[in-house]
Amino acid sequence: LNYAHNQNDTQGNPLQIVHRDVSPENIRIAWTGTVKILDFGIAKATHGMDKTRTGVLKGKISYLSPEQCMQDGIDRRSDLFTLAGVIYELLCFERPFQGKSDLNTMQNIVKGTRGHMWDHRPDAPEELVNLLEKALSVDRTERFASADEMRRALIHVANIRALNTDLDQIAGFVGDVVGPEHLTFRDNLEDIRSSIRSMPPVG
């Protein structure tokens, strides 16, 4: 996200890209253990490349920020809010603001109505709970200012709690989850790519 948020146009002007659809479906872990953010199809460059019609919501209801629900101006802190919601869901197996209807969910998001993380995960580290409380603040000025700042805070929590974030370990976990048949497919795909790269140029 930090990489996307800091992209410039060809003149060097900040594009101020906001993904607007950070959700579990759009987050993947590569074979190497690195994390990929997918589907920038509704991303908005606030530099003026996209004009959204009034009354049109972009993104999945459960993963909207308060400012998206209110159709207020959005910036990178909107993505950090929804990312914090994804982390909450991954740890608690429950979406933080989920209501009985889409309207109720949006009302919960705007008001900040949600269960405390310790209600679902009493074993959650205090440092991580405090981090998510900050990132899930309805007032965007109280959130992290950038994805890099939030990343550093997450690394700090991992270091305090001796959590392993080694890419080789994560890659090994991915390999265990997807199974040997997917690893074979990956190797075959690499062989095909190598064959294509070695072909003589056409014409």
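Which residues in H6 meet which residues in H7? In this predicted model, Glu 127, Leu 128, Leu 131, Lys 134 and Ala 135 on the H6 side meet Glu 149, Met 150, Ala 153, Leu 154, Val 157 and Ile 160 on the H7 side. Sorted by character, the residues of this contact of H6 with H7 comprise eight that are nonpolar, three that are charged and none that is polar. The two helices pack with their axes 9 Å apart and at an angle of about 165°; since angles over 145 degrees count as roughly antiparallel, H6 and H7 are therefore roughly antiparallel to each other. The crossing that H6 and H7 make is left-handed.

Before following these helices further, it helps to set out the whole protein. Its secondary structure comes to nine helices and four strands, and along the sequence these elements follow the pattern α-β-β-β-β-α-α-α-α-α-α-α-α. Taken along the principal axes, the C-alpha atoms fill a box of roughly 60 × 45 × 35 Å, and of the 203 residues in the protein, 34% are buried. Among contacts between residues at least 6 apart in sequence, 58% join residues at least 24 apart.

H7 also takes part in a second packing, with H3. Helix H3, which covers residues 76–92, and helix H7, which covers residues 147–160, pack at an angle of about 30° with their axes 11 Å apart. Because angles under 35 degrees count as roughly parallel, that angle makes H3 roughly parallel to H7. The crossing of H3 and H7 is right-handed, and the contact is made by Leu 80, Leu 83, Ala 84 and Ile 87 of H3 together with Ala 147, Met 150 and Leu 154 of H7. The residues of this contact divide into seven nonpolar, no polar and no charged.

From these helix pairs the reader can turn to the largest nonpolar core, which has 30 residues, and in which Met 117, Leu 131, Leu 132, Phe 144 and Met 150 touch the most other members. H3, helix H4 (102–111), helix H6 (126–135) and H7 each supply at least two residues of this core, while the largest share, eight residues, comes from H3. One of the residues named here, Leu 131, touches Phe 144, Met 150, Ala 153, Leu 154 and Val 157 when residues up to four places away in sequence are not counted.

Val 157 offers a view of the same region from the other helix, as its place is in H7. With a relative accessible area of 5%, Val 157 falls under the 20% cut-off and is therefore buried. Leaving aside residues up to four places away in sequence, Val 157 touches Glu 127, Leu 128 and Leu 131. Val 157 and Asp 123, which are 34 residues apart in sequence, lie 14 Å apart in space, C-alpha to C-alpha.

Gly 112 brings the reader to a loop, the one between H4 and helix H5 (117–120). Its relative accessibility of 30% lies between the limits of 20% and 50%, so Gly 112 counts as partly exposed. Gly 112 touches Phe 97 and Val 138, again not counting residues up to four places away in sequence. Between Gly 112 and Leu 136 the separation is 24 residues in sequence and 8.0 Å in space, C-alpha to C-alpha.

Terms used:
Residues numbered from 1 in each chain as written. Predicted model: local features only at pLDDT ≥ 70, side-chain atom pairs only at ≥ 80, totals over all residues. Heavy atoms only, no water. Axes fitted to C-alpha atoms, helices over the stretch in contact; angles between N-to-C directions. Parallel < 35°, antiparallel > 145°, perpendicular 65-115°, else oblique. Left-handed = near helix turned anticlockwise from the far one by under 90°. Contact = heavy atoms within 4.5 Å. Nonpolar A, V, L, I, M, F, W, Y, C, P; charged D, E, K, R; others polar. Core = buried A, V, L, I, M, F, W, Y, C linked by side-chain atoms within 4.5 Å. Buried < 20%, exposed > 50% of the residue type's maximum accessible area, 1.4 Å probe, protein only.
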